[in-house]
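Student: I should like to take a close look at one part of this protein and follow how its pieces fit together. Please treat the matter in one connected account.

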Amino acid sequence: MSVLVCYEIIIMQPTLPILIKRASHNISRSMISPNALRIMYRLRDNGFKACLVGGSVRDLLIDRAPKDFDIVTDATPSEIKRLFRNCRLVGRRFRLAHLHFKDEVIEVATFRASGAEPEPDEFESDEGESEPEADNDRHNGRLLKNEGGMLLRDNLFGTPEEDAWRRDFTVNALSYSIADFSVIDYVGGLEDLDLRLIRTIGDPWERFTEDPVRMLRAVRLSAQLRFTIEKSSWKALVEMSVRITHASPARLFDEFLKLFLSGSAKECCRLLKEGGLLKALLPVFDEWHDESGDDTADLSLDWIDSRLATGVAISPQLFLAVFFGNYLASRTEGFAAHSGSFQDCVDHALSGFLKEVSGFMQIPQRTVMRLREILLLEERLAKLPGRRPQNIVSRPGFTDALNYLRFRAVSDSSLEKVIAWWERYAGDGLLQGEQSNVRQEPVKTRRRRNRRRNRSNRESL
Ligand code: ATP
Ligand code: MG
């Protein structure tokens with residue numbers, strides 16, 4: 001409803017910015033996180049501007065539950081820190097405040113002039129530092145780009161309008177002001193929300209050059225929201241897809257996971273392929289996938305999406321096992337022909353795969369180790385009744401490995417018997433999610449505790 005109302009207003013007032021008064025949009029305070037509201041009220045009461053921005057405003061306007069609530073303000077990081085005891089400053093390039101609550105962390109940023117988002121590996125806690133440097137940044141620092149136009153440095157505070165223009169897509173640049181509960185649009189986001197379009201703010205070639213990760217974000221948002229990527233933004237994305245590897249490997253892996261764990265993995269994958277991004281990121285896998293005519297990729301993405309739709313989380317290692325499982329298995333089989341134990345073959349396959357992706361995707365070592373555990377356990381689980389099953393159940397990768405088997409059972413029904421056996425063995429209700437680890441512990445500890453109790457019984461006798 002609201003978007004239509006907004007659209008009418010745009011037609012009446014074609015010039016930007018547009019301010020939509022409270023009575024003409026659908027965002028009510030009851031839809032906003034109480035913690036976010038409290039933060040904005042306190043900033044306002046202390047004389048600062050405060051707005052909700054980004055994905056939350058976009059989602060609220062289309063009646064979608066926001067994933068998180070980001071706030072922007074004209075208070076500097078140290079002013080924010082002084083106002084909130086639960087505040088931690090993060091980020092080297094541009095300081096952001098993270099306000100910690102029991103079950104939520106809310107990001108509060110100072111209006112910024114222009115630039116790329118801080119990279120995940122850049123975040124560092126500033127706890128213990130007396131005065132954050134960020135306040136020294138109220139200066140005329142320069143926006144630094146490399147020769148190719150990629151943003152390297154940006155530490156400028158800015159106005160609310162500048163803050164909107166530095167964002168990635170028009171629909172992500174809307175803000176909701178706590179001063180009068182109005183929605184403000186500096187960049188044409190309301191119209192694109194109405195047209196269901198993902199459009200870069202400004203020239204798409206320039207914006208994707210500045211930060212190639214925006215191409216992955218365009219794909220994810222388009223798939224998640226069922227919006228279309230606007231024509232010239234899509235053209236730029238296709239033409240520039242090879243440049244995706246210019247982004248930092250740690251950030252790329254982060255975004256890659258977000259794409260496939262977004263709940264719209266299948267659509268994300270289709271767009272990645274169509275836009276040339278999958279080929280640019282994973283050329284060997286992409287070729288193998290085309291040649292093998294393997295439809296497991298589709299099956300795997302359906303499985304991931306349907307599991308997430310039921311509210312069950314998927315760990316990064318389980319995703320990797322499910323998505324790359326057949327690919328890795330084909331490599332493992334290749335090594336098996338040249339001898340070596342199953343474990344050696346898995347290790348060879350895994351290290352080849354990591355080499356293949358390492359140039360542009362940095363998978364954290366602990367995720368690699370957990371993926372390895374799934375692949376190794378898969379073989380042991382398949383053997384029934386299995387040697388020392390209690391040892392297997394208590395291994396940290398057991399839940400993921402069994403879930404992996406569940407996925408494999410979609411195309412191999414003989415595995416259902418194996419899964420049922422392990423489910424029975426491990427206990428009713430186990431294995432659907434995280435609680436499995438909690439339940440696994442007692443297998444070991446109960447015995448120890450009994451032994452201790454027995455010993456103390458004996459001593460007291
Ligand atoms: P989600 O629903 O996944 O949270 P989101 O749009 O809120 O989607 P976030 O990663 O939470 O995405 O980012 C918050 C906001 O920060 C975005 O809406 C956008 O305005 C801005 N932003 C994020 N990444 C970039 C980027 N690479 N370049 C420019 N602006 C960005
Ligand atoms: Mg968000």
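In β9, which residue is the bridge partner of V53?

Tutor: The model is a predicted one. Within it, the bridge partner of V53 is S175, a residue of β9. This pair belongs to the junction of β2 with strand β9 (residues 175–177), where the two strands run antiparallel and are joined by three bridges.

β2 also pairs with β3, again in the antiparallel sense, over four bridges. There, C51 of β2 stands opposite V72 of β3. The residues of β2 are covered on both faces: A50 and L52 are buried on one side, while C51 and V53 are buried on the other. V53, the residue of your question, is thus placed on the side that holds C51.

These pairings are part of an open sheet of eight strands, in the order β1-β10-β9-β2-β3-β6-β5-β4, with mixed pairing. The edges are formed by β1 (18–20) and β4 (87–90); each has a single partner strand, so one side of each is left without a neighbour in the sheet. From one strand to the next, the twist averages 30°. For the edge strand β1, the pairing is with strand β10 (residues 183–185), antiparallel and over three bridges. One residue pair in this junction is I18 with D185, the latter in β10.

Helix α2 (residues 34–45) packs on the sheet and touches β2 (50–53), β3 (70–73), β5 (96–101) and β6. The direction of α2 makes about 35° with that of β6.

Strand β6 (residues 104–110) contains V105. V105 is partly exposed, with a relative accessible area of 43%, whereas the β2 residues A50, C51, L52 and V53 are buried. Neighbours within four places in sequence aside, V105 is in contact with H98, L99 and H100. Between V105 and D68 the C-alpha to C-alpha distance is 8.6 Å, although 37 residues separate them in sequence.

A further site for inspection is R220, in helix α8 (residues 213–225). R220 is buried yet has no salt bridge. The nearest side chain of opposite charge is that of E255, 4.0 Å away. Not counting residues up to four places away in sequence, R220 touches K67, E255, K258, L259, S262 and C268.

To return to the part you asked about, V53 is buried and has S175 of β9 as its bridge partner, while C51 of β2 stands opposite V72 of β3.

Key:
Residues are numbered from 1 along each chain as its sequence is written. Chains are lettered from A and ligands numbered from 1 in the order in which they are written. This is a predicted model: local features need pLDDT of at least 70, side-chain atom pairs count only at pLDDT 80 or more; totals for chains, interfaces and linings use all residues. Side-chain values use heavy atoms; hydrogens and water are left out. Buried means under 20% relative accessible area, exposed over 50%, partly exposed in between (1.4 Å probe, protein chains only). Contact means heavy atoms within 4.5 Å. Lys and Arg count as positive and Asp and Glu as negative; His and the chain ends are not counted. Two strands pair if DSSP finds at least two bridges between them. Axes are lines fitted to C-alpha atoms, for helices over the stretch in contact, and angles run from 0 to 180 degrees between N-to-C directions.
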